[in-house]
Every structure is written in C-alpha cells, then in structure tokens.
Amino acid sequence: MTKALYAGSFDPVTNGHVDLIRRAARIFDELVVVVAINTNKQPLFSPQERVNLLTMAMQDLENVSFTTSKGLTVDTFKELNADVLVRGVRNAADLDFETQVAQMNQFLAEQVETVFLPTDPKWNFTSSSLIKEVVKMGGSIHGLVPEAVELQLKSRLKNK
C-alpha cells in the first residue's frame with residue numbers, strides 16, 4: 001500500500017486541483033489531501049471551509065481523505081506515515097520553485113520523496129489567486145472551479 005500526501009492552500013480549490021487529486025488517486029492506494037496554512041497568503045476561506053469544499057468536489061473517490069495542517073508539510077508527512085509527496089506543476093517556473101521545496105523537504109526529512117505531476121494543459125493558466133481576482137472584478141469563472149466553489153466564491157466576494 002502506497003500512501004501519498006498532496007498538500008496545498010486550496011483557497012479556493014480549482015478544477016486544476018481536482019484533476020491532480022483524481023489522477024493521484026488512480027496512481028496511489030491512498031491519498032491524503034492536506035489543507036495547509038500558507039503564512040504568505042491571506043485566505044478567503046477557513047481551513048475547515050476548504051476541507052468541506054474539497055470533500056464535496058471529491059466525494060466519489062473512496063481512497064481520498066482530507067485534513068488540515070498548521071505546521072511543516074514534512075511533519076504532517078511523518079505523522080501520517082506517508083510514502084510520497086505529490087506536487088503539481090503548471091510550467092517551468094512552478095517546476096523550479098517546487099524543486100526547491102522538494103529539496104528543502106528532503107533536507108528536513110530524508111525519507112520524503114516527491115513526485116511531480118504536470119497539470120493538464122487546459123488548467124495551466126488557472127490559479128486560486130487569479131480566480132479570486134476575476135470574481136472580485138465581476139468576471140465569470142464558470143468551468144474553472146467546482147460548482148459549489150463557484151457559488152461560495154461569488155457569495156463571499158460579492159461585496160469586495
């Protein structure tokens with residue numbers, strides 16, 4: 001049994017995230033999706049709201065579970081006895097950044113192995129930050145996020 005961990009801020013979850021979760025769930029026996037606290041970002045949704053949105057979007061996957069983490073991903077990795085860390089990459093800049101993160105994670109805990117999954121090209125341009133900005137400016141994000149996420153975003157950002 002191979003247990004993988006996929007950590008991110010997921011604020012909000014996008015269809016790019018959904019695609020990566022579905023693909024990782026096919027590759028690994030068990031996938032734990034971790035809503036992590038990113039100290040460099042000011043989240044729109046609470047960690048529990050993000051877990052709830054992820055759970056709604058991925059409810060058909062039996063080998064996927066969701067949790068939150070406030071600390072280092074490597075600590076969560078060890079606590080959950082994970083075998084591999086999954087990271088998505090959209091482009092060369094993502095790959096450069098994610099390689100640095102993977103190397104730091106391995107420095108902190110040498111048992112951490114990272115697998116990079118390239119994003120499906122149709123989601124390359126999506127990011128949570130860009131999606132929030134489009135909603136704030138009154139644009140449509142239909143088809144870029146799960147329906148429940150779209151409704152929550154519009155409700156949360158309508159007065160901003």
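Contact means heavy atoms within 4.5 Å. The model is predicted, so local features need pLDDT of at least 70 and side-chain atom pairs count only at pLDDT 80 or more, while totals for chains, interfaces and linings use all residues. Residues are numbered from 1 along each chain as its sequence is written, and side-chain values use heavy atoms, with hydrogens and water left out.

**Exercise 1. Overall fold**

Task: State which share of contacts in the protein, between residues at least 6 apart in sequence, joins residues at least 24 apart, and give the pattern of elements.

Solution.
- Step 1. Among contacts between residues at least 6 apart in sequence, 75% join residues at least 24 apart.
- Step 2. Helices (H or I, at least four residues) and strands (E, at least two) are DSSP runs, numbered from the N terminus. The protein has six helices and five strands.
- Step 3. Along the sequence, these elements follow the pattern β-α-β-α-β-α-β-α-β-α-α.

**Exercise 2. Size and burial**

Task: Test the radius of gyration of the protein against the value for a compact globule, then give the share of buried residues.

Solution.
- Step 1. The radius of gyration is taken over C-alpha atoms, and the globule rule is 2.2 Å times the number of residues to the power 0.38.
- Step 2. For 160 residues, a compact globule would have a radius near 15 Å; the protein has 15 Å, so the two agree.
- Step 3. Along the principal axes, the C-alpha atoms fill a box of roughly 45 × 35 × 30 Å.
- Step 4. Buried means under 20% relative accessible area, exposed over 50%, and partly exposed in between (1.4 Å probe, protein chains only). Buried residues make up 46% of the 160 residues.

**Exercise 3. The two faces of H6**

Task: Find which residues of helix H6 (residues 147-157) are buried, and where they lie around the axis.

Solution.
- Step 1. Val149, Glu150, Leu153 and Leu157 are the buried residues of H6.
- Step 2. Seen down the axis, the buried residues of H6 fall within an arc of 100°, so they line one face of the helix. The arc is that of the directions from the helix axis to the C-beta atoms.
- Step 3. The face of H6 turned away from the buried side carries the exposed residues Glu147 and Leu151.
- Step 4. The buried residues of H6 pack against helix H2 (47-57) and helix H5 (128-136).

**Exercise 4. H5 and what follows**

Task: Repeat the analysis for H5, then describe Met137 and Gly138.

Solution.
- Step 1. In H5, the buried residues are Ser128, Ile131, Lys132 and Val135.
- Step 2. They cover an arc of only 100° around the axis, which puts them on the same side of H5.
- Step 3. The cover over the buried residues of H5 includes helix H1 (15-27) and H6.
- Step 4. Met137 is in the loop between H5 and H6, and counts as exposed because its relative accessibility is 66%.
- Step 5. The C-alpha atoms of Met137 and Leu157 are separated by 9.4 Å, at 20 residues apart along the chain.
- Step 6. Gly138, just after H5, takes a positive phi of about 85°.

**Exercise 5. The loop between E5 and H5**

Task: Decide whether Thr119 is buried or exposed, and list the contacts of Thr119 and Ser127.

Solution.
- Step 1. Thr119 is in the loop between strand E5 (114-118) and H5. Its relative accessibility is 10%, so Thr119 counts as buried.
- Step 2. Not counting residues up to four places away in sequence, Thr119 touches Leu20, Arg23, Val89, Arg90 and Asn124.
- Step 3. Ser127 is also found in the loop between E5 and H5. Leaving aside neighbours within four places in sequence, Ser127 is in contact with Thr14 and Arg90.
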